[in-house]
Amino acid sequence: MKVLNLRCAHGHAFEGWFGSDQDFEKQLGQGLVECPMCGDTAIAKGLSAPRLNLGAGRESSAETQPVVAGPAADTPEGRWMRAVREVLAKTEDVGERFAEEARRMHYGEAEERGIRGQATREQTEALLEEGIAVMPLPIPAALKDTLQ
(Lines give C-alpha, C1' and ligand atoms only; values in the text may rest on other atoms or scores of the structure.)
Protein backbone atom coordinates (compact mmCIF):
# COMPACT_ATOMS: atom_id res chain seq x y z
CA MET A 1 0.00 0.00 0.00
CA LYS A 2 1.37 3.41 -0.99
CA VAL A 3 0.37 6.47 1.01
CA LEU A 4 0.88 9.56 -1.12
CA ASN A 5 0.84 13.21 -0.12
CA LEU A 6 -1.40 14.97 -2.64
CA ARG A 7 -2.34 18.59 -3.33
CA CYS A 8 -5.08 20.05 -5.50
CA ALA A 9 -4.73 23.13 -7.72
CA HIS A 10 -6.31 25.21 -4.93
CA GLY A 11 -3.55 24.25 -2.48
CA HIS A 12 -5.50 21.78 -0.30
CA ALA A 13 -3.18 19.04 0.99
CA PHE A 14 -4.46 15.52 1.69
CA GLU A 15 -3.38 11.87 1.67
CA GLY A 16 -4.29 9.19 -0.83
CA TRP A 17 -3.81 5.43 -0.38
CA PHE A 18 -3.09 3.37 -3.49
CA GLY A 19 -1.91 -0.13 -4.30
CA SER A 20 1.03 1.25 -6.32
CA ASP A 21 2.25 4.31 -8.20
CA GLN A 22 0.68 2.81 -11.32
CA ASP A 23 -2.70 2.56 -9.56
CA PHE A 24 -2.44 6.24 -8.61
CA GLU A 25 -1.54 7.29 -12.16
CA LYS A 26 -4.36 5.18 -13.63
CA GLN A 27 -6.98 6.59 -11.23
CA LEU A 28 -5.66 10.12 -11.73
CA GLY A 29 -5.91 9.72 -15.52
CA GLN A 30 -9.52 8.54 -15.19
CA GLY A 31 -10.43 11.56 -13.01
CA LEU A 32 -11.14 9.35 -10.00
CA VAL A 33 -8.79 11.18 -7.60
CA GLU A 34 -10.35 14.34 -6.24
CA CYS A 35 -9.72 16.80 -3.43
CA PRO A 36 -11.91 16.01 -0.40
CA MET A 37 -12.17 19.75 0.33
CA CYS A 38 -13.26 21.18 -3.01
CA GLY A 39 -13.73 18.26 -5.41
CA ASP A 40 -10.95 19.46 -7.75
CA THR A 41 -9.48 16.69 -9.93
CA ALA A 42 -6.31 18.63 -10.86
CA ILE A 43 -4.15 16.73 -8.37
CA ALA A 44 -0.37 16.77 -7.98
CA LYS A 45 1.67 14.23 -6.07
CA GLY A 46 3.99 15.66 -3.40
CA LEU A 47 6.96 14.21 -1.61
CA SER A 48 6.14 11.22 0.59
CA ALA A 49 8.33 9.60 3.21
CA PRO A 50 8.67 5.83 3.00
CA ARG A 51 7.24 3.72 5.81
CA LEU A 52 9.83 1.40 7.26
CA ASN A 53 8.93 -1.45 9.62
CA LEU A 54 12.12 -1.46 11.65
CA GLY A 55 10.65 -2.31 15.03
CA ALA A 56 8.15 -5.02 14.22
CA GLY A 57 7.45 -7.15 17.24
CA ARG A 58 8.43 -4.47 19.76
CA GLU A 59 5.72 -3.25 22.07
CA SER A 60 5.11 0.46 21.79
CA SER A 61 4.45 2.63 24.78
CA ALA A 62 2.07 5.56 25.00
CA GLU A 63 4.98 7.93 24.39
CA THR A 64 5.86 6.29 21.08
CA GLN A 65 2.38 5.93 19.59
CA PRO A 66 2.17 7.45 16.11
CA VAL A 67 0.36 10.73 15.77
CA VAL A 68 -1.75 11.17 12.67
CA ALA A 69 -2.37 14.57 11.15
CA GLY A 70 -4.91 15.11 8.43
CA PRO A 71 -8.13 16.98 7.79
CA ALA A 72 -8.99 16.61 11.50
CA ALA A 73 -5.87 18.55 12.45
CA ASP A 74 -6.24 22.11 13.73
CA THR A 75 -5.80 23.73 10.32
CA PRO A 76 -8.23 26.01 8.47
CA GLU A 77 -9.17 23.07 6.22
CA GLY A 78 -9.66 20.76 9.20
CA ARG A 79 -11.83 23.28 11.04
CA TRP A 80 -13.90 23.83 7.89
CA MET A 81 -14.39 20.07 7.38
CA ARG A 82 -15.52 19.68 11.01
CA ALA A 83 -17.96 22.58 10.58
CA VAL A 84 -19.42 21.06 7.40
CA ARG A 85 -19.78 17.66 9.11
CA GLU A 86 -21.61 19.34 11.99
CA VAL A 87 -23.98 21.12 9.59
CA LEU A 88 -24.67 17.80 7.83
CA ALA A 89 -25.36 16.08 11.15
CA LYS A 90 -27.68 18.79 12.50
CA THR A 91 -29.75 19.63 9.42
CA GLU A 92 -32.36 17.89 7.31
CA ASP A 93 -31.65 17.51 3.59
CA VAL A 94 -34.74 18.74 1.72
CA GLY A 95 -33.01 18.59 -1.67
CA GLU A 96 -34.49 20.70 -4.45
CA ARG A 97 -37.43 21.69 -2.22
CA PHE A 98 -35.09 24.00 -0.26
CA ALA A 99 -36.56 27.35 -1.33
CA GLU A 100 -40.14 26.14 -0.86
CA GLU A 101 -39.42 24.66 2.58
CA ALA A 102 -37.48 27.77 3.73
CA ARG A 103 -40.49 29.93 2.78
CA ARG A 104 -42.93 27.60 4.56
CA MET A 105 -40.85 27.83 7.75
CA HIS A 106 -40.43 31.61 7.45
CA TYR A 107 -44.17 32.19 7.09
CA GLY A 108 -45.10 29.77 9.90
CA GLU A 109 -46.56 27.06 7.66
CA ALA A 110 -43.97 24.48 8.76
CA GLU A 111 -42.02 23.75 11.93
CA GLU A 112 -38.74 25.68 12.17
CA ARG A 113 -35.68 23.44 11.94
CA GLY A 114 -32.27 23.37 10.34
CA ILE A 115 -32.50 22.47 6.66
CA ARG A 116 -30.13 22.20 3.72
CA GLY A 117 -30.63 21.54 0.05
CA GLN A 118 -30.17 22.96 -3.42
CA ALA A 119 -31.32 26.35 -4.69
CA THR A 120 -30.48 28.31 -7.81
CA ARG A 121 -28.84 31.72 -7.57
CA GLU A 122 -32.19 33.32 -8.44
CA GLN A 123 -34.02 31.35 -5.73
CA THR A 124 -31.35 32.30 -3.18
CA GLU A 125 -31.56 36.00 -4.09
CA ALA A 126 -35.38 35.90 -3.87
CA LEU A 127 -35.23 34.30 -0.42
CA LEU A 128 -32.79 36.96 0.79
CA GLU A 129 -35.02 39.75 -0.61
CA GLU A 130 -37.93 38.27 1.38
CA GLY A 131 -35.82 38.50 4.56
CA ILE A 132 -35.19 34.75 4.77
CA ALA A 133 -31.65 34.15 6.00
CA VAL A 134 -29.89 31.58 3.81
CA MET A 135 -26.28 31.02 2.87
CA PRO A 136 -24.54 28.89 0.25
CA LEU A 137 -22.38 26.11 1.66
CA PRO A 138 -20.30 24.08 -0.78
CA ILE A 139 -20.16 20.51 0.48
CA PRO A 140 -17.31 18.31 -0.77
CA ALA A 141 -18.47 15.18 -2.59
CA ALA A 142 -16.48 13.06 -0.14
CA LEU A 143 -18.76 14.16 2.71
CA LYS A 144 -22.03 13.66 0.83
CA ASP A 145 -21.80 9.86 0.72
CA THR A 146 -21.00 7.33 3.39
CA LEU A 147 -17.63 5.63 3.01
CA GLN A 148 -17.81 1.89 2.44
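**Group meeting: a walk through the predicted model**

The protein chain has 5 helices and 5 strands; both are DSSP runs, helices being H or I with at least four residues and strands E with at least two, numbered from the N terminus. This is a predicted model, in which local features need pLDDT of at least 70 and side-chain atom pairs count only at pLDDT 80 or more, while totals for chains, interfaces and linings use all residues. Residues are numbered from 1 along each chain as its sequence is written, and side-chain values use heavy atoms, with hydrogens and water left out.

Along the sequence, the pattern of the protein chain reads β-β-α-β-α-β-α-β-α-α. Of its 148 residues, 24% count as buried. Buried here means under 20% relative accessible area, exposed over 50%, and partly exposed in between, with a 1.4 Å probe and protein chains only. Now contacts, meaning heavy atoms within 4.5 Å. Among contacts between residues at least 6 apart in sequence, 43% join residues at least 24 apart.

I'll start with the sheet. It is open, with 3 strands in the order E2-E1-E3 and antiparallel pairing. Two strands pair if DSSP finds at least two bridges between them. E2 and strand E3 (43-45) are the edge strands, each pairing on one side only. Neighbouring strands of this sheet are turned by 40 degrees against each other on average, direction ignored. For that angle, axes are lines fitted to C-alpha atoms, for helices over the stretch in contact, and angles run from 0 to 180 degrees between N-to-C directions.

E1 and E2 run antiparallel and are joined by 6 bridges. Val3 has Trp17 in E2 as its bridge partner, and Leu4 stands opposite Gly16 in E2. The two strands form a hairpin with 4 residues between them, and Gly11 in the turn has a positive phi of about 90 degrees. On the other side, E1 and E3 pair in the antiparallel sense over 3 bridges; there, the bridge partner of Arg7 is Ala44 in E3.

Which side chains of E2 point to the buried face? Phe14, Gly16 and Phe18 do, and they are buried, while Ala13, Glu15 and Trp17 point to the other face and are not. In a regular strand the side chains alternate between the two faces of the sheet.

That brings me to the cores. A nonpolar core is a set of buried Ala, Val, Leu, Ile, Met, Phe, Trp, Tyr and Cys residues joined through side-chain atoms within 4.5 Å. The largest one has 11 residues: Leu4, Leu6, Cys8, Phe14, Phe18, Phe24, Val33, Cys35, Met37, Ile43 and Met81. Strand E1 (2-8) and strand E2 (13-18) each supply at least two residues of this core, and E1 gives the most, with 3 residues. Apart from this core lies another, of 10 residues, among them Val94, Ile115, Leu127 and Ile132.

Next, individual residues; for their contacts, residues up to four places away in sequence are not counted. Met37, a member of the largest core, touches His12, Glu77, Trp80, Met81 and Pro140. His12 has its place in the loop between E1 and E2. His12 is buried, with a relative accessible area of 17%. Its contacts are Leu6, Arg7, Cys35, Met37, Cys38 and Glu77.

Glu101 lies in helix H3 (residues 98-106). Is Glu101 buried or exposed? Glu101 is buried, with a relative accessible area of 4%. Glu101 touches Val94, Ala110, Arg113 and Ile115, and two of these, Val94 and Ile115, are named in the core of 10 residues.

Last, the largest pocket, with a volume of about 650 Å³. On a 1 Å grid over the protein atoms alone, a cavity is a set of points where a 1.4 Å probe fits but cannot get out, a pocket is an open set with protein on both sides within 12 Å along at least five of seven lines, and lining residues have an atom within 4 Å of a point. Grid points are joined across faces, edges and corners, and a volume is the space filled by probe spheres set on the points.

The largest pocket is lined by 21 residues, of which Arg116, Gly117, Met135, Leu137 and Ile139 lie nearest its centre. Helix H2 (76-90), strand E5 (115-117), helix H4 (121-129) and helix H5 (141-144) are the elements giving two or more residues to the lining. E5 gives the most, with 3 residues.
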